[in-house]
Amino acid sequence: MDTLQTYLPDYFFLALGLILFLYMATDGYNLGLGIFSLASRSEEERGLMIHSIASTWHASQTWLVILGGLLFGAFPVVYGVAMSALYIPVMLMLAGLAFRGTAIEFYHEAPNRARWGIAFGLGSLAATLAQGFTLGGLLSGMPIVERQFAGGFGDWLNPFSALVAAGGTAGFVLLGTTYLAAKSDGDLRRRALKTAALAAWAVLAGLALILLWMTLQHREGRYSLLGLRQGHYIYLTLPIFLFEFAMLLRSLKKAEQDKPYQWSVLLFLTLVVGIAAALYPMAVPPGLTIFDAAAPPRSLWFLFAVSAVLLPVMLAYNAWQYLVFRGKAGQEDRPGH
Amino acid sequence: MDALFDSVLLSRLQFAAMAMVHISFSVLTVGVALFIAVMEGLWLKTKDPVYHGHARFWSRLLLLNFGIGVVTGLPLEFAFGNNWAPFAAKSTFFGEILGTETLSAFMLEAGFLGVMIFGWNRVPPKLHFFSTCMVVLGSSLSVFWIMVANSWMQSPAGVVVDGGRIIVTNFREAIFNPDMAISTAHMYLACLQTSLLVVGGISAWYVLKGRHAAFFARSFQVALVAALVIAPLQVWVGDENGREVARLQPTKLAAMEAHWETNPAGQGAAWIIAAWPDEANRRNHWAVEVPYVLSLLLTRSPTGEVKGLKDFPQDLHPPILLTFYPFRVMVFAGFAFLGLALWTGWRWKKGALAAERLPGEKWLLYAWVAAGPLAWAAVEGGWITREVGRQPWLVYGLVRTSEAATALPAGTVAASLAGYFVIAGLLTAAFVALAGRVLAQGPDDSMLNPPQAPSAR
C-alpha cells in the first residue's frame, strides 16, 4: 500500500489532465460556437447554433466544475494559491459563463432574442479569453510562501498569458466551427468550414509564437515552462501536433462530416499531453510539486476510491447522452414548441 | 464606509450574496425535478395525459431555473479558492467532499438533464423516466454532500489538527458528524416544501384566474398531499435540529433566542417572540416572552437549564440581531405552512378541492399564492441563522473566519462584489420576466398529447 500511496499524486495529476482535456474538447466547442455566433447572419442561424448545444452544454460545463472540485480535493494548496493569484481572470470567466449559460436557456423563451444571442456570444468570448489568461497565468509561475500565494494580483497579465489567451481563443473557435460543420447544412456549414481553416492557422501561429517566446525568455535566464526539468518535453509533441494539423487541413479541404472536429480534439489532446509532460512533477511552477501540494494520504485514498469508480460511469452516461442527440440539429425537441 | 476597506468583511459579504442567490434557485431544482418525476411516474402508471402535460409544462420552467441555478453555483465552488484560500489549504476535508459532490452529483444532474428536457421524442418513455429520476437523484445527492460539508463546519468530527492543517483521521466520523443527519433532513425538506408551495401557488393562481382550472387542480392536489406530510414533518425536524444546535453550538442557540442569562435552577427560561437585543450592553431593551417555553423546547422540562450568552466570552458571541430575527422569520413561516396545510386538508375533507369546486375557495387559493414567496424567506432566514450564528468561527471551534480569508486587496473584492450584484440582479430580473412570460402563456395543447414513439433510428 505504501508504494501505491506514493503514486497517488501522479494518479490525480493524470486524472486532472484528463478532465482538463474533456472540458476543452466539450465546452471548448460550446464556447467556440458562441464566439462564432457573433458572426451569424440571421437570428434563425443563431437560434440553430444555440439549439445545437442546448442539450449537452450542462454536462460540458460540469467538467469544469469537476476540474475545480478534484483540484480542491487532491491538491488543496494549489487550489488556494491558483485561485487567489488568478482572482481577476477567474471572476471574469465566471461572469462570462453566467451570461453564456443563462443566454442558452433564456434565448428561446425571450421576446427579444437578439439581445440574448449577443449575451451568448460575448459571454462565450469573455469566458474563453479569461480561461486563456488563467492557464497562461498559471504556467507563468507563482511565488508561494507558507502555502499561500505571495505574488501580485496582476501577475497573470503578461505577454505570455496574452499569447495563450489568443491562441486558446483560436483553438476554441476551431473546435466550435468544426463541431458546427457536423451539426449544420448549406451556407452555414460552408462558412463554418472556412472559419475553421482560418482558426487552424491561427492556432499554429499562436503555438509558434508561444514556443518562440518561451525559448527567448529561457535564454535570458528568466522563468518559463522551459526552465523546468522536463520543459523541453513540450518540443517532443510537436511532430505529432504537426501531423494532426496536416490531417485536419486535409479533412477540412475535403469538407468531411465529423473528421474535422475529431482532428481538432486530437490537437487539443496533444497540447494537453505536451503541457503536462513539460510541467510534471510541478503543480504550480516554478517550485511547488504535486507531492508537496497533495492532500494527506488518507484523503487521497478516499478521493481515489470515489473518482476511480465514478469517472468511468460518468464517461459512459455522457457518451450515451451524446449518442441520443447525434445527428443534425433540429428544433423539434424543444419543450413547449 | 470602513467596510469598503476591509477585504475579509467584503469576502464574507460576497460569499453570503452568492449563497443567498444560488440557494433560491437550487432549492427549486431539487423539489420541482422530483415533482416532475412524480408526475411522469403517474403518467406511465395511469396513462392519463394530464400528468404528461404537467411533466412537460413544469420542465419548461425547470430549465430556466436550472440554467441560472448552475451559473450562480459555479462562483461558490471557486470562492473557496478565490476568497478563502487559507481555509482551502488548511482544511482538506472540505475539498474532498466538494470533489466527491462534483463527481457523484453534479455530473449526474447535468448528464441526464439533456435527455430529460429535450429527449422526449428520442428515447422510449421508460428510459426518459429513468433520466428524470437520475436528475432527481443527482440534485438530491448535491443536497446531501453540501450538507455533509457544511455540517462538518458546524460540528467538525473525525479530524486532528497537525502542523497547522486539519487532517482527517476518520472519514466515517467526519461525514456522519453529529450535525449531519438532522440538518440534511431539515434542508431536504426545505427544498421539497419550497417547491411544493411554489408549484401549489402557481397552480392556485391559474385556478383563481380561471385558466385551465381543471388541469391545475391536479397539480394543486398533488402539492396538497405533499404539504400534509411535509409541513408537520418539517416542524418536527426543525425542533429536533434546534435541540442539536443547543447541544453542539450553545452560543448560536443563545444568540438565536436572544437569551443572555442562564436560567437559575428551579426557574424556566422563557421563549422570546420578539425583542430588541443590544449587543454592546448585553441585554434586551424589550422582549415579548412566553415563560418556560425555551426550557421546555430544548430540555423537555419547564425548568431545564439553557445556557445564556453571558456564560461565554464576548469575542465568541455571534452577531445577535442577524441570528435572532432571521430565525424568527423561518419559524413563523414554518408554522404558517403547517396552518395552511391543515386548513387545506380540512377543505379537502369537506370535498371543496374537487376540480369543479376549487375555484370557489378564493381565500385558500390566495393564501397558497402568498405562501410561495414566504417559503423563500424561510430558506434564506434559516441559512442566515445557520451561518451567522456559527460566527466568529468558520469551522466551529477550529478555524476563525477572520484567519481564513485570502489577503486580497479590498478594492479588488469590492469590485467583484459590485460586479456580482449587477450581474446577479440582471439575470434574476430576466429570469423573473421570462418565467412570468412562460406562466402567462400557460400550457399549450401539445402538452396534452402523449409523445410519439421514438423514430426508428
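**Exercise 1: the hairpin.** In this predicted model, work out how strand 3 and strand 4 of chain B are joined, and what sits in the turn.

*Solution.* Start with the connection: strand 3 and strand 4 of chain B make a hairpin, with four residues between them. Next, look at the turn, where B:Arg282 has a positive phi of about 50°. Then check the pairing. Strand 3 (residues 271-278) and strand 4 (residues 283-290) run antiparallel, and six bridges join them. To get your register, take B:Ala275, whose bridge partner in strand 4 is B:Ala287.

**Exercise 2: the cysteines.** Find out why B:Cys133 has no bond to the sulfur of B:Cys191.

*Solution.* First, recall the chemistry: a disulfide is a covalent bond between the sulfur atoms of two cysteines. The cut-off you need is 2.5 Å between sulfurs. Now go to the atoms: the closest cysteine sulfur to that of B:Cys133 is in B:Cys191, 18 Å off, so that's too far for a bond. B:Cys191 is in no disulfide either. Scan the whole structure and you get zero disulfides over all chains. As for surroundings, B:Cys133 is partly exposed at 27% relative accessible area, while B:Cys191 is buried at 2%.

**Exercise 3: an aromatic pair.** Classify the ring pair of B:Phe57 and B:Trp58.

*Solution.* You want two numbers here, the distance of the centres and the angle of the planes. The centres of B:Phe57 and B:Trp58 are 5.2 Å apart and the planes sit at 80°. Angles over 60 degrees count as edge-to-face, so this pair is edge-to-face. Now for burial: B:Phe57 is buried at 0% relative accessibility, and B:Trp58 is buried too, at 2%. Finally, zoom out: ring pairs tie both into a cluster whose members include B:Phe35, B:Trp205 and B:Tyr206.

**Exercise 4: three salt bridges.** Say where the partners of A:Glu109, A:Asp187 and B:Glu240 sit.

*Solution.* Take A:Glu109 first. Its side chain meets that of B:Arg60 at 2.8 Å, N to O. This pair crosses between chains, from the loop between helix 6 and helix 7 of chain A to helix 2 of chain B, and both residues are buried.

Next up, A:Asp187 bridges to A:Arg190 at 2.6 Å. Both lie in helix 9 of chain A, three residues apart, about one turn of the helix.

Last, B:Glu240 pairs with B:Arg300 at 3.9 Å. Here distant parts of the chain are linked: B:Glu240 is in helix 8 of chain B and B:Arg300 in the loop between helix 10 and helix 11, 60 residues apart. B:Glu240 is partly exposed at 24%, as is B:Arg300 at 44%.

Methods: Residues are numbered from 1 along each chain as its sequence is written. Chains are lettered from A and ligands numbered from 1 in the order in which they are written. This is a predicted model: local features need pLDDT of at least 70, side-chain atom pairs count only at pLDDT 80 or more; totals for chains, interfaces and linings use all residues. Side-chain values use heavy atoms; hydrogens and water are left out. Two strands pair if DSSP finds at least two bridges between them. Helices (H or I, at least four residues) and strands (E, at least two) are DSSP runs, numbered from the N terminus. Buried means under 20% relative accessible area, exposed over 50%, partly exposed in between (1.4 Å probe, protein chains only). Rings of Phe, Tyr and Trp (its six-membered ring) pair if their centres lie within 6.5 Å; planes under 30 degrees apart count as stacked, over 60 as edge-to-face and the rest as tilted. A salt bridge is a side-chain nitrogen of Lys or Arg within 4 Å of a carboxyl oxygen of Asp or Glu.
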